[in-house]
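Here are a few exercises to work through with the model open beside you. Try each task before reading its solution.

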Amino acid sequence: MTQKKHSAPKTHTSRRTLLSIGSLAAVGSLANTALAQSFTAPPNHLTGRPYPTPIRPLPEGKRTFGYAIVGLGKYALNQILPAFAECQHARLEALVSGDRNKALKVAQQYNLNEDSIYSYENFDNIIHNPKIDAVYIILPNALHADFTIRAFRAGKHVMCEKPMATTIEDAQRMIDAGKRANKQLMIGYRCHYDPLNRQAVSVIRNGRLGTPKILTTDNTDILDFQDPSAQWRVTKALSGGGSLMDIGIYGINASRYLLNEDPIEVMAMTVPPKNPNFGDVEDRITWLMRYRSGAMVHGSSSFSTAATTRFGLQGDKANLTMDPATGYYGNRVELHETDETEVWTPRMFTIPQLNQFSAQLDHLPEAIQKKAPITSTGEEGLQDLKIIQAIYKAAETQKPVSTDWGNWRLG
């Protein structure tokens, strides 16, 4: 058997970094707020986090689309803010945080003045800042809907982290608010903009696997309860669920974009946790999805299992392996045919190490400018959430649950 390599060897990958929101006391207060009938703002006493310096200076030039980043947790600090250095259209325009001292220091690093800093309480004042074209919401899941709707009321486009909401009703509220405001709602499915995931889709669409038969997706990690961000992830009022909502969603969404099809039935099973930290949400969960085409999907997620992000698709002509599949960098795609294996990996020591993030940030202004469809829409996020809720129901009832709502795909 021969092997073709299309770029440099595999590099070490960090699958994801947990964003941080604050202490357990802050989480409790957030939970109460999230359950309230009318939401105002998260508390203004968030725990301080590291302040990494920009990976490279922000470029000069006419980048005409300004973002306000809502929430300065680790994902925002370590992935999103540095990625602006590689954007061609998007620029960092404002910060929204409950910790003004942190926001001041980050603003200084990114050459923003104090007028570009907002709190959660005065967030609505962004309506008076024409330099802000969109907000990027990077907060606990239960806060996504309210901040999205507030941003639309302020006349801004919205990018929102996944999962887009904790309930189907909130997701629909977000979509409806965007339509009323005539503004775009984009969900932060970064893998849609990762070259290796796009390569996998291309290989499948070109028919090199033949007819897809069996897809397996595994996304696991060991949650660090010493990290304050772990607290909201196991608080259902804030997260909406456990490992399935947080990292299993990668497999749910990938199943849809790899197969270009939606499931018609799901089954699922959870494992009763021994760790009392998982009293509110699931730790380990597995699911099966059946498709009208005959394809089958087996998925798993866990918060207590060694870190894995791996997809495997078997066709009647060849097999495709993605391992790592959804890393921040260093993803790898292998096509296994009868007598040959082809391998695609990122090129090392090149600027596009961050490109899935910068490409995602640029996609929104590009689509708006060209009046083209958004790739990762609110409707895409809603469909994932509906499937996730069906999986939870199947696990609870131990019975198959129909998801035959029609084959909705943007393509």
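## Exercise 1: a helix on a sheet

Helix 4 is largely enclosed by the rest of the structure, because 8 of its 10 residues are buried (buried means under 20% relative accessible area, exposed over 50%, partly exposed in between, with a 1.4 Å probe and protein chains only). Helices (H or I, at least four residues) and strands (E, at least two) are DSSP runs, numbered from the N terminus. Before we go on: this is a predicted model, where local features need pLDDT of at least 70 and side-chain atom pairs count only at pLDDT 80 or more, while totals for chains, interfaces and linings use all residues. Residues are numbered from 1 along each chain as its sequence is written, and side-chain values use heavy atoms, leaving out hydrogens and water.

Task: find which residues of helix 4 are buried and what covers them.

Solution.
- Step 1: pick out the buried residues, which are H144, A145, F147, T148, I149, R150, A151 and F152.
- Step 2: look at the cover, which includes strand 2, strand 5, strand 6, helix 5 (168-181) and strand 7.
- Step 3: go just past the helix to G155, where phi is positive, near 80 degrees.

## Exercise 2: the sheet underneath

Task: work out the strand order of the open sheet and which strands are at its edges.

Solution.
- Step 1: the 6 strands run in the order 4-3-2-5-6-7, with parallel pairing (two strands pair if DSSP finds at least two bridges between them).
- Step 2: strand 4 (117-118) and strand 7 (185-187) are the edge strands, each pairing on one side only.
- Step 3: strand 6 is parallel to strand 7, with 3 bridges between them, and V158 has L185 as its bridge partner in strand 7.
- Step 4: helix 4 (residues 144-153) packs on this sheet and touches strand 2 (65-70), strand 5, strand 6 and strand 7; its direction makes about 160 degrees with that of strand 6.
- Step 5: strand 5 (residues 134-137) also runs parallel to strand 6, through 4 bridges, and A134 sits opposite H157.
- Step 6: now check the two faces of strand 6 (residues 157-160): H157 and M159 on one side, V158 and C160 on the other, all of them buried.

## Exercise 3: a hairpin

Task: describe how strand 14 and strand 15 are joined, and say whether strand 15 is enclosed or open.

Solution.
- Step 1: a hairpin of 3 residues links strand 14 to strand 15.
- Step 2: strand 14 (residues 333-336) and strand 15 run antiparallel, joined by 4 bridges, with H336 opposite T341.
- Step 3: strand 15 (residues 340-344) is largely enclosed by the rest of the structure, because 5 of its 5 residues are buried.
- Step 4: E340, E342 and W344 point one way from strand 15, while T341 and V343 point the other way. In a regular strand, side chains alternate between the two faces of the sheet.

## Exercise 4: two helices crossing

Task: give the angle between helix 2 and helix 10, and list the residues that make the contact.

Solution.
- Step 1: helix 2 (residues 74-83) and helix 10 (residues 355-370) pack at about 65 degrees, with axes 8 Å apart (axes are lines fitted to C-alpha atoms, for helices over the stretch in contact, and angles run from 0 to 180 degrees between N-to-C directions).
- Step 2: the contact uses Y75, Q79, I80 and A83 of helix 2, plus F357, S358 and L361 of helix 10 (contact means heavy atoms within 4.5 Å).
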